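Please work through the following exercises with the sequence and the coordinates at hand. Each task is followed by a worked solution.

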Amino acid sequence: MVFRVADLIVDTLVAHGVDRAFSVPGESFLALLDALFERNNIDLVTCRHEGSASLAAVADAKLTGRAGVVMTSRGPGACNAALGLHVASQEAIPLILLVGQVEKPDLNRDAVQEIDTKRTFDGLIKWSTRIDSAAQVPEMMARAFSVALGGTPGPVAVELPQDVLEMETSPLPVAVHGVARAEPSRAAVEQAADLVGKAERPVLLVGGECRTAEFREDLTLLSERWNLPVAATNKMQDQFPNDHRLWIGQLGFFISPVHIKLFEQADLIVAIGTRLGELSSLGFRFPRQAPTRQPLVHVYPDPNAIGTHFRTDLPVVASAHSFLKSWLDVPAVSRERGGWIEAVAKTREAIHAWPERRIPDADVLGHAVAAIARRFPADGIVTTDSGNFATWVHRIFRLQPSARMLGSACGAMGSGVPSALSAALRFPNRQVIAFCGDGGFLMTGNELATAVGRGLDMKIVISNNRSYGTIRSYQEKAFPKRPWGTDLSNPDFAALARAFGAQGYTITNTEHAADVVAEAMSARGPVVIEVQCDVHQTIDRSLAAASG
């Protein structure tokens, strides 16, 4: 059999631990698809849109800790995949975009669908390269993975001209460059421990740089040893036990006055595994810079991410887990912090308490989510699209570190179904539930066909309020009684699911919510649960009614 550059690229993918790739096929990389034909060590997932393929690859990277891989054609295909590039950049997720390119003689001649990924995606990607010969493959592919995974992880684009993929070559040794990992110094760890030991009201803020089970175990252990309360950045609710006395809660997309009040009282903030962007700093409010500064310990593997927005008292260039492991070797100085722990408990209650029995019947979504949460196993996987419906999920679900949460931390719509697709493929024996809005589902919900084709056991919950609800809420605050351009005309989602070959259920009222959920959750295969709800029935209105 003829050995081609395309076969050599597949060898490099395998060498880097790639066992799954997401794609919408294109004629510009047919040789690469052919190279995968007889390879049983890479699962090629054929999607219905490059945007959802790239989002699925991002989710797979979150689940594995390895770089996600998406394959697209040039021009329109690559541009459709830009959604995943944006999410990967915003959320620091390693992603490799393999782009079928025009043939070498046609480069720079404005050929049909030609694209310069460096110029097109400047500001989104960390690096772009084009492979022009077989000799370049080992080094360029190894560099692509090391750049995507190193420092602040992110997306990398690799252009593959069609004629280069088809070139015959001899098998070449593949290269794996690896990623340089900084280790914390003993002095830095001891200094951080000393600051925590002396603090009366410290907060440990954890991001998503490390998501392994071992990291979560060590995080809980350290928190308990030092009596150190923990908050998680947006969509990182699964990093710490949600029923733990030291759990503060998740800093969500919508800034909470309750969290602001607690953080105002903190006398030390230790931020690990987060770049301290807008959401993780509560709108760049904390650590407070003036009039009285809050001391900051910032741990992150990229030195360029430290000191960017805030003066840092102790900068530590290291991964979150290596820092935690070193810190666990330091003898603990555990302070009582009784009043501070009480304040943490009050904050947690204000953020995550759900008085289900007092929630009004008008909140159909709230009762449906509560019924689903009661049936959610400890090791289940929940995905959320972007939208205000997710506030119910974050408030009601009590996640353990054995669970996984995949959400759109940067607010990009359309991630719910592709993320669930990735999760169900990666963990076929675990319960996977996707929560979507009606708007977000109709952006990428066609991947339901992919789920049906694969026979995946995943549940999709659609909040149908016939509106782009989050945008409408902002609109009504800025321009009262003048909603425009945010209403939606929707299909019968349960019927649509059945047309795809999935099972479909509809919840129209609170009275039947638990029964419908019980039937839908016990069904096997892809399932859609449509929850019809009122756009004006906000979670704040429900909580106000429950306390009234």
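The exercises below treat a sheet, two cores, a helix, selected side chains and the cysteines.

The model is predicted, so local features are restricted to pLDDT of at least 70 and side-chain atom pairs to pLDDT 80 or more, whereas totals for chains, interfaces and linings use all residues. Residues are numbered from 1 along each chain as its sequence is written, and side-chain values use heavy atoms, with hydrogens and water left out.

**Exercise 1. The open sheet**

Determine the strand order of the six-stranded open sheet, and identify its edge strands.

Solution.
- Step 1. Helices (H or I, at least four residues) and strands (E, at least two) are DSSP runs, numbered from the N terminus. Two strands pair if DSSP finds at least two bridges between them.
- Step 2. The order is S14-S13-S15-S16-S18-S17, with parallel pairing.
- Step 3. Strands S14 (404–407) and S17 (503–507) each pair on one side only and are therefore the edges.
- Step 4. From one strand to the next, the twist averages 15°. Axes are lines fitted to C-alpha atoms, for helices over the stretch in contact, and angles run from 0 to 180 degrees between N-to-C directions.
- Step 5. Strands S15 (residues 432–437) and S16 (residues 458–464) run parallel and are joined by six bridges. Within this pair, Val432 stands opposite Met458.
- Step 6. Helix H21 (residues 513–522) packs on the sheet, where it touches S15, S16, S17 and strand S18 (527–532). The direction of H21 makes about 170° with that of S17. Contact means heavy atoms within 4.5 Å.

**Exercise 2. A lysine in strand S16**

Is Lys459 buried or exposed, and which backbone oxygen does its side chain reach?

Solution.
- Step 1. Buried means under 20% relative accessible area, exposed over 50%, and partly exposed in between (1.4 Å probe, protein chains only).
- Step 2. Lys459 lies in strand S16 and counts as buried because its relative accessibility is 1%.
- Step 3. Its side chain reaches the backbone oxygen of Ala523 at 3.1 Å. A polar contact is a pair of N or O atoms within 3.5 Å; within protein, one must be able to donate a hydrogen and the other to accept it, and residues adjacent in sequence count only if both atoms are side-chain atoms.
- Step 4. Beyond four places in sequence, the residues that Lys459 touches include Val432, Ile433, Met521 and Val527.

**Exercise 3. The nonpolar cores**

Which residues of the largest nonpolar core touch the most other members, and which element gives the most to this core?

Solution.
- Step 1. A nonpolar core is a set of buried Ala, Val, Leu, Ile, Met, Phe, Trp, Tyr and Cys residues joined through side-chain atoms within 4.5 Å.
- Step 2. The largest core has 51 residues, of which Phe22, Leu97, Phe121, Met458 and Ile460 touch the most other members.
- Step 3. Elements giving two or more residues include helix H3 (50–64), strand S4 (95–101), S15 and S16. H3 gives the most, with eight residues.
- Step 4. A second, separate core has 39 residues, including Ala403, Met405, Ile433 and Ile539.

**Exercise 4. Helix H1**

Explain why helix H1 (residues 5–15) is described as largely enclosed by the rest of the structure.

Solution.
- Step 1. Eight of its eleven residues are buried, so the description applies.
- Step 2. Among the buried residues of H1 are Val5, Asp7, Ile9 and Thr12.
- Step 3. The buried residues pack against several elements, including helix H2 (30–37), strand S3 (68–72) and helix H7 (137–149).
- Step 4. Gly17, which follows H1, has a positive phi near 85°.

**Exercise 5. Arg225 and Ser386**

Which backbone oxygen lies 3.0 Å from the side chain of Arg225, and which from that of Ser386?

Solution.
- Step 1. Arg225 belongs to helix H10 (residues 213–226) and is partly exposed, because its relative accessibility is 38%.
- Step 2. For Arg225, the backbone oxygen is that of Leu328.
- Step 3. Ser386 is found in the loop between strand S13 (381–384) and helix H15 (390–396); at 19% relative accessibility, Ser386 counts as buried.
- Step 4. For Ser386, the backbone oxygen is that of Gly411.

**Exercise 6. Cysteines**

How many disulfides does the model contain?

Solution.
- Step 1. A disulfide is a pair of cysteine sulfur atoms within 2.5 Å.
- Step 2. By this rule the count is zero.
- Step 3. For Cys79, the nearest cysteine sulfur is that of Cys47, 18 Å away.
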